[in-house]
Amino acid sequence: MSDKPELTVSVVTPDGEVYEKKTTLAICKTGEGELGIMPNHTPVLASLAIDEVRVKTGEDQYDEIAIGGGFLEFSNNVLSIVASAAERKENIDASRAERARDRAKERIEKAQNEHDAKELKRAEISLKRALNRIKISGH
Ligand code: ATP
């Protein structure tokens, strides 16, 4: 893809950089919907949903990265993604995510019974993260 203009995608988390690659297209799920970024896109700052980021690596081929929420910034052909957690599809431990999903469901039930709105919200976010990882891992 070296003959086409490219942008650099960088994904960082509190654990450090988890991904960096040059591409012709990155597709992100922002708080306001899907955002496709190609080289020379106008500068943008947006929140990132608990969802996936897809980075084009070839004809109909994409790297898939699970994002646990965060934000993105694009300028000067660099897409910086700052996420609370992020895993490449290949690195997702699906059975760990399934255990996290089951725990989150139990927490939701308990929080509902106890009318604990704050804990309910936290547990719902945990569930979302777990389901996102399961979906992206392909299980
Ligand atoms: P768990 O309860 O399984 O720890 P969690 O949703 O609480 O899940 P996070 O706080 O979002 O986990 O992430 C903590 C760290 O563990 C991050 O570095 C994240 O990338 C990693 N991580 C969490 N779940 C998985 C998974 N299923 N596979 C691979 N890495 C994971």
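Analyst: Two residues are in contact when they have heavy atoms within 4.5 Å of each other. Keep that in mind as we go through this predicted model.

User: Okay, let's start with the helices. Which residues of α1 meet which residues of α2?

Analyst: On the α1 side you'll find Ala94, Ala97, Glu98, Ala100, Arg101, Ala104, Lys105, Arg107, Ile108, Ala111 and Gln112. Their partners in α2 are Glu119, Leu120, Arg122, Ala123, Glu124, Ser126, Leu127, Ala130, Leu131, Arg133, Ile134 and Ser137. Sorted by character, the contact has 12 nonpolar residues, eight charged and three polar.

User: How should I read the geometry? At what angle do the axes of α1 and α2 cross?

Analyst: Angles between N-to-C directions count as roughly antiparallel when they are over 145 degrees. Here the axes of α1 (residues 94–113) and α2 (residues 117–137) cross at roughly 155° and come within 8 Å. So α1 is roughly antiparallel to α2. As for handedness, α1 passes α2 in a left-handed crossing.

User: Next, the cores. Why look for nonpolar side chains in groups?

Analyst: In soluble globular proteins, nonpolar side chains tend to be buried together. In this model, the largest nonpolar core has 21 residues. Val9, Val11, Ile37, Ile67, Leu72, Leu79 and Ile81 touch the most other members. At least two residues come from each of β1 (7–13), β3 (26–30), β4 (33–37), β5 (44–58), β6 (61–75) and β7 (78–83).

User: Which strand gives the most to this core?

Analyst: That's β5, with five residues. There's also a second, separate core of six residues, with Ala104, Ile108, Leu120 and Ala123 among them. You've just met those four in the contact of α1 with α2.

User: What is Leu79 in contact with, beyond its neighbours within four places in sequence?

Analyst: Leu79 is in contact with Leu7, Thr8, Val9, Ser10, Ala26, Cys28, Ile37, Leu72, Glu73 and Phe74.

User: And charged residues? Is Asp51 buried or exposed?

Analyst: The cut-off for buried is under 20% relative accessible area. Asp51, which is found in strand β5, has 17%, so Asp51 is buried. Outside its neighbours within four places in sequence, Asp51 is in contact with Lys29, Ile65, Ala66, Ile67, Asn132, Lys135 and Ile136.

User: Ile136 again! How many residues apart in sequence are Glu64 and Ile136?

Analyst: They're 72 residues apart in sequence, yet their C-alpha atoms are 7.3 Å apart in space. Glu64 lies in strand β6. Besides Ile136, Glu64 touches Glu52, Val53, Arg54, Glu87, Arg88 and Lys89, leaving out residues up to four places away in sequence.

Technical notes:
Residues are numbered from 1 along each chain as its sequence is written. This is a predicted model: local features need pLDDT of at least 70, side-chain atom pairs count only at pLDDT 80 or more; totals for chains, interfaces and linings use all residues. Side-chain values use heavy atoms; hydrogens and water are left out. A nonpolar core is a set of buried Ala, Val, Leu, Ile, Met, Phe, Trp, Tyr and Cys residues joined through side-chain atoms within 4.5 Å. Buried means under 20% relative accessible area, exposed over 50%, partly exposed in between (1.4 Å probe, protein chains only). Axes are lines fitted to C-alpha atoms, for helices over the stretch in contact, and angles run from 0 to 180 degrees between N-to-C directions. Angles under 35 degrees count as roughly parallel, over 145 as roughly antiparallel, 65 to 115 as roughly perpendicular and the rest as oblique. A crossing is left-handed if the near helix is turned anticlockwise from the far one by less than a right angle, and right-handed if clockwise. Ala, Val, Leu, Ile, Met, Phe, Trp, Tyr, Cys and Pro count as nonpolar, Asp, Glu, Lys and Arg as charged, and the others, Gly among them, as polar.
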